[in-house]
Amino acid sequence: MPRTVSPAPQHTGRSRRSRITAAFVVLSALGGYLTVQYITGSKIIEGCTVESADGSAGKGRTYRLSPEQASNAATISAVGTSRGMPERAVTIALATALQESGLRNIEHGDRDSLGLFQQRPSQGWGTEKQILDPVYSAGEFYRHLAEVPGYSRLPLTVAAQRVQRSGFPQAYAKHEPDAALLAAALTGRTPATLNCTPPRTTAAKADAAKVRAELVRNFGKDVLPTKKPSTEDGTGAAGAPATSTVSVPVRATRASRDDDSARHGWELAHWAVAQSEVLRLDKVAYAGQVWEAGSGWRTERTESGTTEVRMRLAL
């Protein structure tokens, strides 16, 4: 558990969003939009699995986690990348949260320790309410980590301990393989490697405002366009329930880097899958791959060879 830690000054490094230069691109033209579509939901996620890039061939590592753990892990990753932190920082953060709380936002711990990272209000980490907000607590972890000189080159246990000041610093090491696997998927480096499977139960009606609000809370206000693109539609086919679509532009983080744009798209797609129970999403599609609750990822292309990218909730 973390002990005495003095709050570090606010990290002022350039965020990933500040380097965004690519204009909005309609998916049907260049694969540049991730779209969220939601209607009244009817499924709830039962469990999630993340695989290494070669896991589909029966090789590599596989890690199973609960919907709560997946949601928290996705938040931790999104907060890190939105601050311009590299994948290594996300791995360190996830390993720390796995050790401190098992990726659960718990309301108890050693003395006054709370939340995903077991941060202590008495040691300057924030109020109890703030610490129990995963977005806030992840942000505080990264703020302190950014002040550790050369943290990305340090052994994970050393980097985590510089932030946490735990009584058991070596305990972080056993979580590094699983944390690295999660970070690779959640930062978008390994496409279509995160899957969540729901039981057949009735879900509550999806909330469009909540979908947008959570995207902004996790990734920052620049994640959504200021004006709804023409792909957003609130109507359904004749005889079908009305749907509503939230379009999320997939932007390159640096000029002329298509790989960065694709990675950010997969980051958004995996975030949506991980949040699918919370936000009642049952379909996510990006770059020719479609995830559906209950069946996982599959390849799907339109007749023109372009990709329809959307997330939606089924009745």
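Buried means under 20% relative accessible area, exposed over 50%, and partly exposed in between, with a 1.4 Å probe and protein chains only. The model is predicted: local features need pLDDT of at least 70, side-chain atom pairs count only at pLDDT 80 or more, and totals for chains, interfaces and linings use all residues. Residues are numbered from 1 along each chain as its sequence is written, and side-chain values use heavy atoms, leaving out hydrogens and water.

**Exercise 1.** Find the aromatic pair that Phe 219 forms, and state what the pair ties together.

*Solution.* Rings of Phe, Tyr and Trp (its six-membered ring) pair if their centres lie within 6.5 Å; planes under 30 degrees apart count as stacked, over 60 as edge-to-face and the rest as tilted.

Step 1. The whole structure holds 5 aromatic pairs. In one of them, Phe 219 meets Trp 271 edge-to-face, at 5.6 Å centre to centre with 70° between the planes.

Step 2. Phe 219 belongs to helix α8 (residues 208-219) and Trp 271 to helix α9 (residues 258-274), so the pair ties together parts 52 residues apart in sequence. Helices are DSSP runs of H or I with at least four residues, strands runs of E with at least two, numbered from the N terminus.

Step 3. Both Phe 219 and Trp 271 are buried.

**Exercise 2.** Compare the settings of Leu 103 and Ala 192.

*Solution.* Step 1. Phi is positive in each: near 60° for Leu 103 and near 55° for Ala 192.

Step 2. Leu 103 sits in the loop between α3 and α4 (128-131), Ala 192 in the loop between α7 (176-186) and β4 (194-197).

Step 3. Leu 103 is buried at 0% relative accessible area; Ala 192 is partly exposed at 25%.
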